[in-house]
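Hi everyone, thanks for coming. Let's have a look at this one together, and please pull it up on your own screen as I talk.

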Amino acid sequence: MRVLSPPASPLVGRKAETEQALGALRRTRLLTLTGPPGVGKSRLALFLAWRVLPSHPGGAIWVDVSKVPPPDLGSKEPKHSILVLDNCEHAVVDCANFAAHLVHTWPNVTVLVTSRQALGLVAEQTLSLPPLSLPDDDSPAAVKISDAVQLFCERAVVVQPEFSIDVHAPEVVAICRRLDGIPLAIELAAARLDVLSPGQILDRLHDEELDFLVG
């Protein structure tokens, strides 16, 4: 359990999902972001927590359930605060019981959950995150408005400042499509530009060598 830290980098894409989530948080005190591994649930949760923090003077607490169980608040009354329970698929039943207790007992607490599956509570609203958008076609306009491509480029210039999408568009589009628009996989692929060219990354992906992304 830790006090929330500010996002380390801007959120790429997710405009529609952000608006949906913020709207949901105005109506509910328990929102669960669901989706497959690597789709960006934790990143969006962090961004959302910071967006609503001004209306929660008690602050924000982040709990990674994959590392520690849901916290026991005991007799401490949570002030007007937001609690993020991250990676709840590791303990769905415990997280569901804890979230239900908070929502029922403490009217000033908002609970934001990330999980591969919903908690299954009556008070819960859910938002399923899709992969980032891919280009509809290979035209320059379609390529540049793709959220997946934008994320790759943003991470690429960190390790290769001279990187230009105008030079590498075909390879980058193919990489993003091969990775199905999954943000974490795209970030890992872009990070490999420190030792590989976009074409070499693509070749390895075509050869099903996905393990090299974390090598």
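Let's start with a single residue: in which loop does Leu193 lie? Leu193 sits in the loop between helix 7, residues 183-191, and helix 8, residues 198-206. Keep in mind that what we are looking at is a predicted model.

Is Leu193 buried or exposed? The cut-off for buried is under 20% relative accessible area, and Leu193 comes in at 4%, so it counts as buried. And which residues does Leu193 touch, if we skip those up to four places away in sequence? They are Phe152, Ala156, Val159, Gln160, Phe163, Pro198 and Ile201. If you'd like a residue to compare, go to Leu83: it is 110 residues apart from Leu193 along the chain, and their C-alpha atoms are separated by 36 Å.

Phe152 from that list brings us to the next stop, because it also helps helix 5 contact helix 6.

Helix 5 covers residues 147-159 and helix 6 covers residues 165-178. Their axes come within 10 Å and cross at roughly 120 degrees, which means that helix 5 is oblique to helix 6. The crossing is right-handed. On the helix 5 side, the contact is made by Ala148, Val149, Phe152 and Cys153. Helix 6 brings Ile165, Val172, Val173, Ile175 and Cys176. What classes of residue are in this contact? There are nine nonpolar residues, no polar ones and no charged ones.

Now for the charged side chains. How many salt bridges does the count come to? The count is seven.

One of them joins Arg177 and Asp138, at 3.0 Å from N to O. This pair links distant parts of the chain, 39 residues apart: Arg177 is in helix 6, while Asp138 is in the loop between strand 6 (125-128) and helix 4 (140-144). Arg177 is partly exposed at 33% relative accessibility, and Asp138 is exposed at 58%.

Next, find Arg155. Its side chain meets that of Glu154 at 2.2 Å, N to O, and that of Glu187 at 2.9 Å, N to O. The second pair also links distant parts of the chain, with Arg155 in helix 5 and Glu187 in helix 7, 32 residues apart. Arg155 is buried at 15%, and Glu187 is buried at 16%, whereas Glu154 is partly exposed at 26%.

And to finish, Arg43, Glu154, Arg155 and Glu187 are linked in a network of salt bridges. Thanks for listening!

How values were computed
Residues are numbered from 1 along each chain as its sequence is written. This is a predicted model: local features need pLDDT of at least 70, side-chain atom pairs count only at pLDDT 80 or more; totals for chains, interfaces and linings use all residues. Side-chain values use heavy atoms; hydrogens and water are left out. Axes are lines fitted to C-alpha atoms, for helices over the stretch in contact, and angles run from 0 to 180 degrees between N-to-C directions. Helices (H or I, at least four residues) and strands (E, at least two) are DSSP runs, numbered from the N terminus. Angles under 35 degrees count as roughly parallel, over 145 as roughly antiparallel, 65 to 115 as roughly perpendicular and the rest as oblique. A crossing is left-handed if the near helix is turned anticlockwise from the far one by less than a right angle, and right-handed if clockwise. Contact means heavy atoms within 4.5 Å. Ala, Val, Leu, Ile, Met, Phe, Trp, Tyr, Cys and Pro count as nonpolar, Asp, Glu, Lys and Arg as charged, and the others, Gly among them, as polar. Buried means under 20% relative accessible area, exposed over 50%, partly exposed in between (1.4 Å probe, protein chains only). A salt bridge is a side-chain nitrogen of Lys or Arg within 4 Å of a carboxyl oxygen of Asp or Glu.
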